[in-house]
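Q: Could we go through this model together? I would like to ask about single residues and then about the contact between the chains.

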Amino acid sequence: MPMKITNEPKDTTIIITLDGELDASSSVLLDEELSDPEIMKYSKILVDCKNLHYISSAGLGVFISHLQRFEDAQIKLIFFNMQEKVRNVFEILGLDLLMTIVSNYEEAITVSNE
Amino acid sequence: MNNFIRVNCTKKNLKPIRDFVSGYLHGLSLSDILTNQIVLAVDEICANLIIHANHEDPTKFISLTIDLPKDMIRFEISDNGLAFKRSEYKEPDIGEHIKVGKKGGVGIALVNRIMDKVEFRSSDGRNTCLLYKKIK
């Protein structure tokens, strides 16, 4: 199954939905999505991980490489609906402490408004 | 159970390798998290071999053999590309990666943290990576 990435802009928020597996082959699509200058228009990027079934270091690396740029621009990056096995991969590297991962959409909205 | 796969060096082959490893692990009744971790470790090594050791040259091949020594699972991944130099490897500082916007360099850290033993051997142009994980 190839990776499918969709986005849904809503005012100052953009929801990015990941569907599939983020590996060394497919993570380039995510990089293109996050490198789009348009994304800097938003103040909140919510990443729906419900259908993200797998992530490797290449996928993590894409998020790692954009994190500081978003922080500098005061853009909040929030992950939600993440499967336990995927969250575990973030945890192995301690990325769960450096990135914002919440349980569900409602919590993502709450945290994004803080 | 089939315990051997050989693929050429394109990134598109990472998915078939993961499916092969998942299929093998399926019979071992491991947890979802452990299964995913093991698949990830093998994927990371194969990605490094395909991309860095063999520069995604589709005329080159990597092979993977899985076996089950006592209470363990062992993966033997071989290629004829550039050998991994463990002496030059440094554990990544993730905070620093974030600061400078670095994309790569955390794969081997994942492998080291997931697996119980990781070995790299080279002789006569043939490189072998051995990954061991206790499963009982």
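Q: To start, in which strand of chain A is the place of A:Cys49?
A: A:Cys49 is in strand E3 of chain A, where helices (H or I, at least four residues) and strands (E, at least two) are DSSP runs numbered from the N terminus. This is a predicted model, in which local features need pLDDT of at least 70, side-chain atom pairs count only at pLDDT 80 or more, and totals for chains, interfaces and linings use all residues. Residues are numbered from 1 along each chain as its sequence is written, chains are lettered from A and ligands numbered from 1 in the order in which they are written, and side-chain values use heavy atoms, with hydrogens and water left out.

Q: Is A:Cys49 buried or exposed?
A: A:Cys49 is buried, because its relative accessible area is 1%; buried means under 20%, exposed over 50%, and partly exposed in between (1.4 Å probe, protein chains only).

Q: What does A:Cys49 touch?
A: Leaving aside residues up to four places away in sequence, A:Cys49 touches A:Phe79, A:Phe80, A:Asn81, A:Met82 and A:Gln83, contact meaning heavy atoms within 4.5 Å. The C-alpha atoms of A:Cys49 and A:Phe79 are separated by 6.8 Å, although the two are 30 residues apart along the chain.

Q: Turning to the contact between the chains, how many residues does each chain give?
A: Chain A gives 26 residues and chain B gives 28 residues. The two chains bury about 2,300 Å² between them, 62% of it on carbon and sulfur atoms; buried area is the accessible area (1.4 Å probe) that two parts lose on being put together, summed over both.

Q: Which three residues supply the most of the area that chain A buries against chain B?
A: They are A:Tyr54, A:Ile92 and A:Leu93, with 24% of that area.

Q: How many salt bridges are there between chain A and chain B?
A: There are four salt bridges between chain A and chain B, each a side-chain nitrogen of Lys or Arg within 4 Å of a carboxyl oxygen of Asp or Glu. A:Asp23 forms a salt bridge with B:Arg18, with the closest N and O atoms 2.8 Å apart.

Q: Which elements of chain A supply at least two residues each to the side that touches chain B?
A: Strand E3 (44–55), helix H2 (57–72) and helix H3 (84–92) of chain A each do so. H2(A) gives the most, with eight residues.

Q: And B:His97, where does that lie?
A: B:His97 lies in helix H3 (residues 94–100) of chain B. B:His97 counts as buried because its relative accessibility is 6%. Not counting residues up to four places away in sequence, B:His97 touches residues including A:Ile64, B:Pro92 and B:Val106.

Q: Which residue in the loop between H2 and strand E4 (76–80) of chain A has a positive phi?
A: A:Gln74 lies in that loop, and its phi is near 55 degrees, a positive value in a residue other than glycine. Most residues other than glycine have a negative phi. A:Gln74 is exposed, because its relative accessible area is 68%.

Q: What about B:Asp71?
A: Phi of B:Asp71 is near 60 degrees, again a positive value in a residue other than glycine. B:Asp71 lies in the loop between strand E2 (61–67) and strand E3 (72–79) of chain B, and is partly exposed, with a relative accessible area of 35%.

Q: Lastly, what ipTM and pTM does the predictor give the complex?
A: The predictor gives the complex an ipTM of 0.95 and a pTM of 0.96.
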